Amino acid sequence: MSPGIPSGWRPLALQVLRTLLIVLLAPWEQWALEMHQCSWQITLIKFENLGRDTYSDFFHQSPVDTVEKIFRKLVNAPIDVTERYRGFPYYLRINYTCMGELSSQARIRKGLLTGLKPMVLVTFKHPVNYRRWKIERVQIQMEAVPFRNKEVCYSELVCRMSWYTPMPIKNGSVVMQVDVGTNNIGPILRTQSFYMNINGYLKMESDGTLGFTVGNKVENLKSQYFLNAPSRPLWYTVNHTPVLILGGIPNEKSILLSNTYFRDSTLVELNIDSCWVGSFYCPETRFTATIYDTIATETTLFIRQNQLVYYFTGNYPILREVSSKGTWVRILANECIKMLCPVEIQINGSEHVIALTMGKHEGYIHLGTITDGLVSFEMLPRGFSVCQEIEESNCSILWAIYSIRGLLLLVEVREEFNYKSYLVVRYKREGDTESLSILYKIPEFVPDAKGRQFLMILSVESYTDTPSVPKGLHYNPFSQLMYIWGNFIMESYDLENYIYLAEFPRESTIKYMVNSFLGDMAIVTENEEIWYLIEGSYNIFKLFPSDSWQMHFNLQLLQQSSMYTTKETMVTLFYEGRQLFQLVYLQQDSKSQLVKRLVPVDQLLIYQQFSNNYILVQQGKDTIAAFTNLCTFSAIRLQDLPRSQRYTRQERYLALPPVVVGPLGFHTEESLAIYQGLVYYLLWLHSKYDKPYADPVHDPTWRWWKDKKQDQSYYFYLASNRQSSENVYIDMANYGKIYNLPVELLPERIYLDKGNAYSFSVFIIIKGHSFSHGTELGGTSFYQKASLSLGVLLANPECIEVIVTETMRVNRKSLYQVIIKDKSACFEQAISGHSLKRTSIVLKVVGSVGHCFEESFMGPRMVGNLMMPILIGCPPGKRLAFDITYTLSYALLKNKQYFDCLKVDPEMPCFHFRDVFYPFFLVQDLVTGESGSFEGDYTLKVIGGGPTYDTIEDYTGREIYRYNTPLEDSTSLIWIKKNRSLYRDVTADFTNVLSKGVGIVWLCLPDSPCYGTVPEGIFAPEYFFKVLVSNRGVDKSTYCDYQLIFLLHIHGIPLSPERYFHFLLVSASISVGLVVLYLTMCFLWPLMVKGYVDLRWKIHNIIASDSYYSYISGGTSLRQQPSKSSYKPGEKSTGPSDRALEKKAQT
């Protein structure tokens, strides 16, 4: 696509007027010019490469343990060194560049010395599968800190430096939006958004470098890949896809791959087999290596080459435990696939892809479902083909879209003489019941609007001689608008009545449509025209090629912008939020590059308005241009906006860096590692704040600082005297949750619970006079009116209502109050964040589209028309918690006593079996910080239990019914409501309905699992009950299905009669045995003592006799030996030894 000059003669006076217009519309302040000329630059670097001039790809998904040893040294800091502090694998390096004389490093130093501090806001996009992950919208606000690069520098104190901040990751989130702004000190830079997404299609090579798992990187971008090649659509799941892919490279099995929304991209040649399986049922005319259709989802990539479909599952352990196979998988091998159709919005926690077939299964579609990386396809309809049901033998499905309304199909019917007709068909399936109906038959020819902007199709209008050639369908689940597009555009809100948008020329044919799902749409035609459409209006504006584009293009060339050249080709067009971007291949001289550039839609519309709406007026000898402002008001603004967090459900944490105690203020590797650990621990506290027992203070960070707050002055004193550990001061006030975000603009989207209302005011200053000009331009009379109309368009008027009241009109100033309220009619109960119903409102001043603009420091923007998506249901971030604090105090008040377990557990206090249990619960809002008593009705069920914590088992459905159903003859109840009447206040499944303050009596009847619990030791039996509390079906005040599962520790459970009797027998037997033993000992003791003495004397006598005979035999042998002593035979020995032997013998 080349921005050539549109055909037609341009008068010289008009060119001069455009030049003057450019001067008038230039920025009116030098700071604004500097702001637009300066831009942020962010780079992802690895933890160990801090301070080096390198960059990294987002590959690692697990925290690192390198910061823990540093935290062990912080002995006099307000943290618990026994806790585990970890870090993230990456940092963000932040710089900024400007168009000027100073070098980038000189600019950075200037910013540092003037007080500039980059403020970084990281937004974690929630995952698709809400069954595995909790749906929450979490942000963390950080401040980047200065750090000197690791290089030798002798000339200056600061040679090269950058700002750094941790790049946090969060379980369940693979898409992160990073907004970088200033602290409003120093140079003025506008806030910019970047996407830093995890790339799950990388692998570590043997040499330590990163490679792609999907194929091989192509180093050189050849011009034949992009020049003069047609643009192609970029299809992906909006807000959930981390890696985008784009095919269409001519004759190459290569794709463009990017995890930064094409801020940078890589050309990858895929390692697929590229088989040719053409057959009689697959009428492929030729083979090509080009990848035609590409669709990216949260974890999986889909491509189509010829008639073959492949998918590749990325490696995302942060999302799921299943590992990737690491290869392309061919699916639908026996089918001939002619096209893949995207489903850009996830539905009920899953993503979808639609494959259209031809050949033997013409008239069927294959609906693919992706959940946690697991891919499955199902052929629909099951029992019949679409052609059979509509009774057409020769038909083909051209396009399919999948929504909560069912499958909407664009069907082409081929009849005799090459005649074609087109139908819009809906297929629905409810359980095993299938239905197919024809919704609309597209007119054979394009309608004739006769100069009007739109035409309601009523079958009585006239038609042109141009045949209608529809190409596809497009559906917005928020606005409920469905478009039929081709060489015309038709729209419908109810799939039955259609409106023809006449401003799109029937000579052009649409190739694809791009939707922001926030009210803006872009259209690309076969000859690469770009058109712009606002949903809810009938105006269609041509952006390219146009005079306004040429004006903008010439301005960029004058400013020597590197984003524009005379030789360029558009690769694709896509939305990022509300901003429209182009991916363009630029070629200038010998250099070529792929760039992502903003399409300034509002600026182009301003140029277009002033270029078209003017007249030449003769004043004397001069001819001057008189411009007509078509806007009906001079100013508009929103007032009285409520606190946004209650409706946006946006949770935000604050984590400022630790203060470095030093003269220069530069951070070190240790201080940045401490910053990493603090951010990690803050997010860890957030993830763990989901326990069923409510804390005394409703805040995730309360436990972090609760024991250190009283010493806050001491830590500040140490830091003031430079006595802090590692020269770092941690201010406890800089880490916490923000509950009062400022309100600046209307939210991007809001959540409404049952009966909730959102209100604001619109202040409009109306034009001071009205006039009409007599000269007509192009058959249209341009004029201004003093009166205006404020209109509201509802996507689902049966679900929501809007009340607009004009509260003031004074001196051409009007104030309207707008109230948006849920009608409590379109949603049942669901878990927080699950199965939300999508709808929207469009609020606009009639006639403002394309005509009313206001200038801001961010540039011009269109005003007077806004679309706000609304999600009806249970908002994310609301939960039910067990109020243990009030439950204990109320139990003590009512029972006059409270007995805790002998082993006290502060996290799980005990309740005595004999005491009436009065449970109380809190409804906690994790977003606003509100916590109030639950006032509605609820049901309570014991769904598991065990005598010890380690032996807790879940009960089956049948057991849960038996243990909790208050039947008259039940012998298996665990509990019962105090002062109940049988069969009163029970649900359909005979479950007790409880309310606030109702007591529970523990029963443990004979057939219950807690009956006859065997005690451990000498203390009374204990039991752990696993309890489920839910308000589903009994509380009509909210859409929220509060489901709380928690453990109750009950002690003092009585023994069963059998167990009592058993213990009585055992105890009596032991007691009697001890008494008998005692009496026996008392009566037999003297006899036993006497017998013992006699036995002892007998034993001694035996021993003495044995000793005597041994002595006699020993003495005889001694006398037989000669001796020199004076002893003579027959003489009595008088020695001491002889006397002893003689005495012993006598004894």
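**Reading strands, burial and cores**

A: Start with one strand pair in this predicted model. Strands β31 and β32 (residues 481-486) run antiparallel and share six bridges.

Q: Which residue of β32 stands opposite L473?

A: I484 does.

Q: What is the strand order of the sheet?

A: Read a sheet by its pairings. This one is open, with five strands in the order β29-β34-β33-β32-β31. The pairing is antiparallel.

Q: Which strands are the edge strands?

A: Look for strands that pair on one side only. Here they are β29 (454-456) and β31 (470-476). From one strand to the next, the twist averages 20°.

Q: Is T300 buried or exposed?

A: Use relative accessible area; under 20% counts as buried. T300 has 0%, so it is buried. T300 belongs to strand β17 (residues 300-305).

Q: Which residues is T300 in contact with, leaving aside neighbours within four places in sequence?

A: Y201, I295, Y311, F312, T313, I370, G373 and V375.

Q: How many residues has the largest nonpolar core?

A: That core has 123 residues. Those with the most contacts inside it are I79, I140, M167, V214, W704 and I730. Helix α9 (residues 669-688) contributes the most, with eleven residues.

Q: What does I730 touch, not counting residues up to four places away in sequence?

A: I730 touches L74, A77, P78, I79, P658, I674, L678, W705 and Y735.

Q: How many residues are in the second, separate core?

A: The second core has 74 residues, including Y311, Y475, Y483 and I523. Y311 is also among the contacts of T300.

Key: Residues are numbered from 1 along each chain as its sequence is written. This is a predicted model: local features need pLDDT of at least 70, side-chain atom pairs count only at pLDDT 80 or more; totals for chains, interfaces and linings use all residues. Side-chain values use heavy atoms; hydrogens and water are left out. A nonpolar core is a set of buried Ala, Val, Leu, Ile, Met, Phe, Trp, Tyr and Cys residues joined through side-chain atoms within 4.5 Å. Buried means under 20% relative accessible area, exposed over 50%, partly exposed in between (1.4 Å probe, protein chains only). Helices (H or I, at least four residues) and strands (E, at least two) are DSSP runs, numbered from the N terminus. Contact means heavy atoms within 4.5 Å. Two strands pair if DSSP finds at least two bridges between them. Axes are lines fitted to C-alpha atoms, for helices over the stretch in contact, and angles run from 0 to 180 degrees between N-to-C directions.
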